[in-house]
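Here's a quick walk through this fold, starting from the ligand and working outward. Have the viewer open and follow along.

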Amino acid sequence: MNAPPPRPPLQWPFLACGLGVVGLLVWFGSVQMSVLHSWLGLLAGVGLLILMLRQFRGLHRQATQDAQAIQVVRRELAIEQARQESHSADLGLLSRFGNLLLACTDEAEALQTSQQMLSLLLPGSAGSIYPLIDGEGLAEATHLWGIHVCGTRPQASAQDCWAMHRKRQHVASNQSPESLCPHVQPNGSAAFFTSCIPLVAQNESLGWIYLSSPGAEAYPKLQMAVAAAEQLALALANLKLRESLRDQSVRDPLTTLFNRRYLTESLGREMARSGRRKQTLAVMTFDIDHFKAFNDTYGHAAGDAVLVAFARLLQTSSRSEDIACRMGGEEFVLIMPEMELTVAERRAHELLAGITQLQIMHEGQLLPAVTTSIGLALFPDHGRQPDRLLAASDQAVYRAKSAGRNQLVVADAVDITSS
Ligand SMILES: Nc1nc2c(ncn2[C@@H]2O[C@H](COP(=O)(O)OP(=O)(O)OP(=O)(O)O)[C@@H](O)[C@H]2O)c(=O)[nH]1
């Protein structure tokens with residue numbers, strides 16, 4: 001910003017004015033003395049008055065220039081103030097974004113929040129968030145805003161993005177097509193810019209944000225986008241860590257099924273939900289038969305392989321709303337919300353057959369088939385409290401053992417007013 005030029009000193013006009021007045025006085029006074037003196041006085045007075053007028057004109061010009069300079073400064077100040085206000089509004093949004101991310105409980109919520117906030121933070125651009133969806137570097141543009149001025153692949157590998165290679169933002173334009181990332185698909189001749197920003201936190205790459213903006217100028221709010229990407233990356237890394245810690249606390253490390261702790265947490269919740277919806281819920285308890293003998297014959301590691309294979313069978317033959325748990329040892333429980341007795345019985349028979357058909361290889365050797373006994377209890381018929389329902393299912397599995405194993409036994413109906 002230019003500073004206004006300094007004003008000229010004001011002595012001159014006053015001095016010229018004073019001398020002009022003195023000249024005129026001398027002229028009036030000298031009228032009495034002599035004509036020559038009077039004309040000299042008059043000339044001096046008029047000369048000084050002209051000088052004074054010139055000085056005033058110069059001052060006026062200076063004042064006009066000053067006023068113009070002040071206007072320029074005011075305009076620049078207004079622009080600067082507007083820039084500052086927009087910057088502080090952006091910082092406010094950025095901090096709100098950070099707070100919202102802190103409140104997110106999972107990755108899906110964080111991405112949804114980011115989609116909404118980035119569209120506010122980065123007006124004039126279209127964007128896609130590409131979170132990595134597997135350990136192989138494949139990413140999917142799951143959350144989008146605005147209308148991209150050029151296409152981008154919905155699924156792309158980290159190899160297709162320069163920002164992922166360089167681990168820093170990559171700005172490109174169709175003016176130099178070789179600079180565009182391979183996932184960008186130009187679909188017209190109008191000028192556009194693209195910006196890819198990697199999502200990296202704690203040295204881990206989690207995906208990238210892709211922005212496109214029309215015109216021949218690079219997107220002006222790139223720094224804001226980079227700051228937002230840093231916040232999102234940090235939030236995603238924290239949520240992943242939280243998820244993994246939570247997972248460790250509720251999952252069985254050998255089979256990765258849920259553990260007993262998770263079962264007790266979720267059974268009550270699922271029963272309450274079924275109660276509200278006036279639906280039945282089935283609980284199946286599995287106990288692999290003669291597992292001690294199996295371990296003794298083929299070794300503990302072979303036994304582990306059987307437990308892992310059976311866990312996979314439970315997972316693959318369950319619906320997404322079912323909850324498969326390993327209670328400990330060779331005992332498993334499957335919670336099946338919204339399941340009627342006849343359907344549950346059919347599923348149990350499929351599992352009885354399924355376990356005998358497992359082809360389990362261990363150290364290059366095909367292990368012999370194993371069988372399981374199953375106890376089945378239904379909410380609310382066999383228990384209205386989680387411990388009662390589990391106990392009913394447990395008792396049923398022991399009856400299946402006593403009856404010769406490799407079979408299903410349904411719990412006895414009980415007086416539900418006392419269960
Ligand atoms: N391999 C392996 N074995 C386990 C694990 N946890 C418990 N076991 C074994 O599972 C066996 C359970 O034996 P039992 O409770 O006597 O039951 P069972 O031999 O299956 O007999 P039934 O249940 O009456 O058919 C024991 O030998 C335990 O050592 C595990 O994580 N891995």
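Let's begin at the ligand: β10, α7 and α8 each contribute at least two residues to the shell around it. Keep in mind that this is a predicted model. The shell counts 17 residues, and the ones that come nearest to the ligand are Asp289, Phe291, Lys292, Gly303 and Gly329. Sorted by class, the shell around the ligand holds 5 nonpolar, 5 polar and 7 charged residues.

Two of those shell suppliers also meet each other. The axes of helix α7 (residues 291-298) and helix α8 (residues 300-316) come within 6 Å and cross at roughly 130°. With that angle, α7 and α8 are therefore oblique to each other. On the α7 side the contact uses Phe291, Phe294, Asn295 and Tyr298, while α8 brings His300, Ala302, Gly303 and Val306. By class, the residues of this contact split into 5 nonpolar, 3 polar and no charged. Phe291 and Gly303 turn up here, and both are also listed among the residues that come nearest to the ligand.

Now for the sheet that β10 belongs to. This open sheet has 5 strands in the order β11-β12-β10-β15-β16, with mixed pairing. Why do β11 (323-328) and β16 (408-410) each have one side without a neighbour in the sheet? They stand at the edges and each has a single partner strand, so nothing in the sheet flanks the other side. On average, neighbouring strands of this sheet are turned by 20° against each other, direction ignored. β11 and β12 run antiparallel and are joined by 5 bridges; cysteine 325 stands opposite valine 333 in β12.

β12 (residues 331-337) is also the home of isoleucine 335. Is isoleucine 335 buried or exposed? It's buried, because 26 other C-beta atoms lie within 10 Å, and the cut-off for that label is 20 or more. Beyond its neighbours within four places in sequence, isoleucine 335 is in contact with Ser266, Leu267, Glu270, Val283, Asp322 and Ile323. The C-alpha atoms of isoleucine 335 and leucine 281 are 7.5 Å apart, although 54 residues separate the two along the chain.

There's another open sheet of 5 strands, this one with antiparallel pairing and the order β3-β1-β9-β8-β6. Its edge strands are β3 (143-145) and β6 (170-173), each of which pairs on one side only. Neighbouring strands here are turned by 15° against each other on average, direction ignored. β6 and strand β8 (residues 192-201) run antiparallel, joined by 4 bridges, and serine 173 stands opposite phenylalanine 193 in β8.

Helices cover both sheets, and the table lists them with the strands they meet.

| Helix | Strands met | Angle |
|---|---|---|
| α10 (residues 386-402) | β10 (281-288), β15 (372-379) and β16 | about 150° to β15 |
| α3 (residues 107-121) | β1 (126-131) and β3 | about 15° with β3 |
| α5 (residues 222-250) | β6, β8 and β9 (204-214) | about 30° to β8 |

Finally, the chain as a whole. It has 10 helices and 16 strands, and 31% of its 419 residues count as buried. Take the contacts between residues at least 6 apart in sequence: 62% of them join residues at least 24 apart.

Conventions: Residues numbered from 1 in each chain as written. Predicted model: local features only at pLDDT ≥ 70, side-chain atom pairs only at ≥ 80, totals over all residues. Buried ≥ 20, exposed ≤ 12 C-beta atoms within 10 Å, placed from the backbone. Contact = placed C-beta atoms within 7 Å. Pairing = 2+ DSSP bridges. Axes fitted to C-alpha atoms, helices over the stretch in contact; angles between N-to-C directions. Parallel < 35°, antiparallel > 145°, perpendicular 65-115°, else oblique. Nonpolar A, V, L, I, M, F, W, Y, C, P; charged D, E, K, R; others polar. Near = placed C-beta within 6 Å.
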